[in-house]
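User: I am new to this structure and would be grateful for a close look at a single part of it. Please set that part in the context of the whole chain before turning to its details.

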Amino acid sequence: MSETFFIRPATRDDALPIAKVQVSLWRATYRGIVPDALIDRMTVSDREKGWGKILDTYAASGRGAVFVAEQSGAVVGFLSCGDQRDADLAKAFPGEFSALYVSASRQGIGSALMAASAQGLLSMGHEAAALWVLTENAPARAFYEALGGTQVAERIDTRPEGGLSEVAYGWSALSALAARA
């Protein structure tokens, strides 16, 4: 039986636990997908500073949010969302899910974070949103498809040394995703 979790808006004090989850999951999930050098140079300290800035910016502007999942008093996942940063997606999908990481799988945490973030984006005035995911991240892609996301764009990296290709998933009606909460 899985332990109960709850979703709440992140605070500035969550920068460190968010950074720990992100770095841990990058190391566990992306090895073999992204260059090892990129993974190896990612540090909790750097990510904590980055998340601190993101949380401060969102708090000041009201144009983004981060939600965390807590279980047994610890942050086990998070999702950030806000205005779409990709100009090609912005017209049809003005909102963006920008980072989703969950260390405890198959407990509904990822779905709950997506629903809370969809509600957050709706409160910012966004009716639709999209996200980018690495093409090779099959489990994440299956998750987004199970939540009703449809593939709406693709970026293929054709550099000779190899690169990272991505696909975008979009939700044209966030209200359906938000209703899952």
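Analyst: About 9,300 Å² of the chain is exposed, and 52% of this area is supplied by carbon and sulfur atoms. The model is a predicted one. Of the 181 residues, 44% count as buried. The radius of gyration of the chain is 16 Å, which agrees with the value near 16 Å that a compact globule of 181 residues would have. The C-alpha trace spans about 45 × 40 × 35 Å along its principal axes. Among the contacts with a separation of 6 or more, 66% join residues that are 24 or more positions apart. The side chains include 17 positive and 20 negative ones, and the centres of these two sets lie 2 Å apart.

Seven helices and seven strands make up the elements of the chain. Read from the N terminus, their order is β-α-α-α-β-β-α-β-α-β-α-β-β-α.

The part chosen for the close look is strand 5, which covers residues 129-134. How many of its six residues are buried? Six of the six are, and the strand is accordingly described as mostly covered. Its side chains point in two directions: A129, L131 and V133 point one way, while A130, W132 and L134 point the other way. Residues of both sets are buried, a term that stands for a relative accessible area under 20%.

Strand 5 has two pairing partners to consider here. With strand 4, residues 95-102, the pairing is parallel and runs over two bridges. In this pairing, E96 stands opposite A130 of strand 5. With strand 7, residues 166-171, strand 5 pairs in the antiparallel sense over six bridges. There, L134 stands opposite E166 of strand 7.

The surroundings of strand 5 also bring in E154, a residue of strand 6, which spans residues 150-155. Leaving aside neighbours within four places in sequence, E154 is in contact with W132, E166 and V167. W132 is one of the buried residues of strand 5, and E166 is the residue that stands opposite L134. V167 lies 13 residues from E154 in sequence, yet the C-alpha atoms of the two are 4.3 Å apart in space. Is E154 itself buried or partly exposed? E154 has a relative accessible area of 46%, and therefore it counts as partly exposed. In summary, strand 5 is a mostly covered strand that pairs with strand 4 in the parallel sense and with strand 7 in the antiparallel sense, while its residue W132 is in contact with E154.

Note on methods
Residues numbered from 1 in each chain as written. Predicted model: local features only at pLDDT ≥ 70, side-chain atom pairs only at ≥ 80, totals over all residues. Heavy atoms only, no water. Helix = DSSP H or I, 4+ residues; strand = E, 2+ residues; numbered from the N terminus. Rg over C-alpha atoms; globule rule 2.2 N^0.38 Å. Buried < 20%, exposed > 50% of the residue type's maximum accessible area, 1.4 Å probe, protein only. Contact = heavy atoms within 4.5 Å. Areas by Shrake-Rupley, 256 points an atom, 1.4 Å probe, with all protein chains shown as cover. Lys, Arg positive; Asp, Glu negative; His and termini not counted. Charge placed at Lys NZ, Arg CZ, Asp CG, Glu CD. Pairing = 2+ DSSP bridges.
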